[in-house]
Amino acid sequence: MITDSSQDDLPAIAGNACRVPEPGTVEAEFAGADGALVQRHWVEAAVAFRFERLAPVAAFPVVPGRRWGPGWWWSATTGRHVMHGSQAMCMQLMLLDRDPQVVSLSARPVWLIWRDPDSGRTLTWVPQLFARYADGSALLADCPAATAPAAGRAERAAAVLEAACRAVGFTYRRLAPPEKVVAANVRWLAGYRHPRHRDAGGLEQAVLEAFAAPRPLMAGAAAAGEVLTALPVLYHALWRGRLVADLTRPLGEHTLVTPGPAAGDGKRREQQES
């Protein structure tokens, strides 16, 4: 039973492995503190600079005719807004924001530049997301809208980014879109991610005690107190992982809710109680 929103990886490349440049020859370009672009060797920049603190190095394009354009995601992890450029990227931001091991997030913080070993051409790529984990490790990621393997320019870039990230102890991933039911449940819980819902009506402890043993969602909310007051607290606890439920099935009154691992309270402490 899946009880969290952990993300799957998509294959980085579709066919034969691409020839990649030595990581030491890859360049990184990013916005400095004054907004001016800075260029450094990738292997140096990845160690010396905190990409999670950087502004996007390139704007997200507005594509005429698309129903979804650039926007902002308020992160419960950082207490700040993170920009996104697509519905798929916004979904992955939600999943990372809910991950108890993620401590910081940023969008498009670095532009990688390299000379292609096959054609000799200078190529570039801007990964969509950066995440820093509690153990200090880091993730660069792209957020495709479909599950097909990368092809063409994306395939070549994925091979280069995998090698470049591996050289500095980072990870590069292409994040698979979640199943529709999981996505819908995470979106719902995300509406209760703000710290104001943690102890609404002073019911946090009562809600947690109501689910000390597995119990249907609505029965536990009713046992904790006034249902309309208890439900936001319950949904917030499910967002944080203090309580867990099977997110592969639609959340409803009969959803079985169980106590979550102690780690579910470890990441944020609601941004030091915000």
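In which loop is the place of arginine 108? The legends below, which describe a predicted model, take up this question in the third view.

**Figure 1. Overview of the predicted model and its secondary structure.** The protein has 274 residues, of which 50% are buried, and its secondary structure comes to 8 helices and 14 strands. Among the contacts with a separation of 6 or more, 65% are accounted for by residues 24 or more positions apart. The accessible surface comes to about 13100 Å², and carbon and sulfur atoms hold 53% of that surface.

**Figure 2. The hairpin of strand 4 and strand 5.** Strand 4, covering residues 71–74, and strand 5, covering residues 81–84, pair in the antiparallel sense over 4 bridges. One pairing to look for in this view is that of tryptophan 72, whose bridge partner in strand 5 is methionine 83. The hairpin has 6 residues between the strands, and in it glycine 79 takes a positive phi near 75 degrees.

**Figure 3. Arginine 108 in the loop between strand 6 and strand 7.** Strand 6 spans 102–107 and strand 7 spans 111–115, and the loop between these two strands is the place of arginine 108. Most residues other than glycine have a negative phi. Arginine 108, although not a glycine, has a positive phi of about 45 degrees. With a relative accessibility of 16%, arginine 108 counts as buried, because the cut-off for that class is under 20%.

**Figure 4. Helix 2 and the residues it buries.** Helix 2 is made of the 12 residues 87–98, which at 1.5 Å a residue should span 16 Å, and its end C-alpha atoms are 17 Å apart, in agreement with that expectation. Because 11 of the 12 residues are buried, helix 2 is largely enclosed by the rest of the structure. The buried residues include Met89, Met91, Leu93, Met94, Leu95 and Leu96, together with Gln92, Asp97 and Arg98.

**Figure 5. The largest nonpolar core and a second, separate core.** In soluble globular proteins, nonpolar side chains tend to be buried together. The largest nonpolar core of this model has 49 residues, and those with the most contacts inside it are Leu96, Val186, Val207, Leu234, Leu238, Leu243 and Val257. Helix 7, residues 227–240, contributes the largest share of this core, namely 8 residues. A second core, separate from this one, has 26 residues and includes Phe30, Phe130, Ala158 and Leu161. In a closer view of leucine 234, and leaving aside neighbours within four places in sequence, the residues in contact with leucine 234 are Val207, Phe211, Leu217, Ala221, Leu243 and Val257.

**Figure 6. An open sheet of 3 strands.** The strands follow the order 12-14-13, and their pairing is antiparallel. Strand 12 (215–216) and strand 13 (243–244) stand at the edges with a single partner strand each, so one side of each is left without a neighbour in the sheet. Strand 13 is joined by 2 bridges to strand 14, residues 256–259, and the two run antiparallel. Here leucine 243 has proline 259 of strand 14 as its bridge partner.

**Figure 7. Aromatic pairs and an aromatic cluster.** The count of aromatic pairs comes to 9. In one of them, phenylalanine 30 and phenylalanine 49 lie 4.6 Å centre to centre with 55 degrees between the planes, a tilted arrangement. Phenylalanine 30 belongs to strand 2 (residues 27–31), whereas phenylalanine 49 lies in the loop between helix 1 (42–48) and strand 4, so the pair ties together parts that are 19 residues apart in sequence. Phenylalanine 30 is buried, with a relative accessible area of 1%, whereas phenylalanine 49, at 27%, is partly exposed. Another tilted pair is formed by tryptophan 188 and tyrosine 192, whose ring centres are 5.9 Å apart and whose planes stand at 55 degrees. Tryptophan 188 is partly exposed at 45% relative accessibility, and tyrosine 192 is buried at 19%. One aromatic cluster is formed by Phe30, Trp42, Phe49, Phe51, Phe130 and Phe170.

**Figure 8. Alanine 200 and its contacts.** Alanine 200 lies in the loop between helix 4 (180–190) and helix 5 (204–210), and at 22% relative accessibility it counts as partly exposed. Not counting residues up to four places away in sequence, alanine 200 touches Thr229 and Val233. The C-alpha atoms of alanine 200 and histidine 236 are separated by 9.9 Å, and these residues are 36 residues apart along the chain.

Key
Residues numbered from 1 in each chain as written. Predicted model: local features only at pLDDT ≥ 70, side-chain atom pairs only at ≥ 80, totals over all residues. Heavy atoms only, no water. Pairing = 2+ DSSP bridges. Buried < 20%, exposed > 50% of the residue type's maximum accessible area, 1.4 Å probe, protein only. Expected span 1.5 Å × (residues − 1). Core = buried A, V, L, I, M, F, W, Y, C linked by side-chain atoms within 4.5 Å. Contact = heavy atoms within 4.5 Å. Areas by Shrake-Rupley, 256 points an atom, 1.4 Å probe, with all protein chains shown as cover. Phe/Tyr/Trp six-rings, centres within 6.5 Å; stacked < 30°, edge-to-face > 60°.
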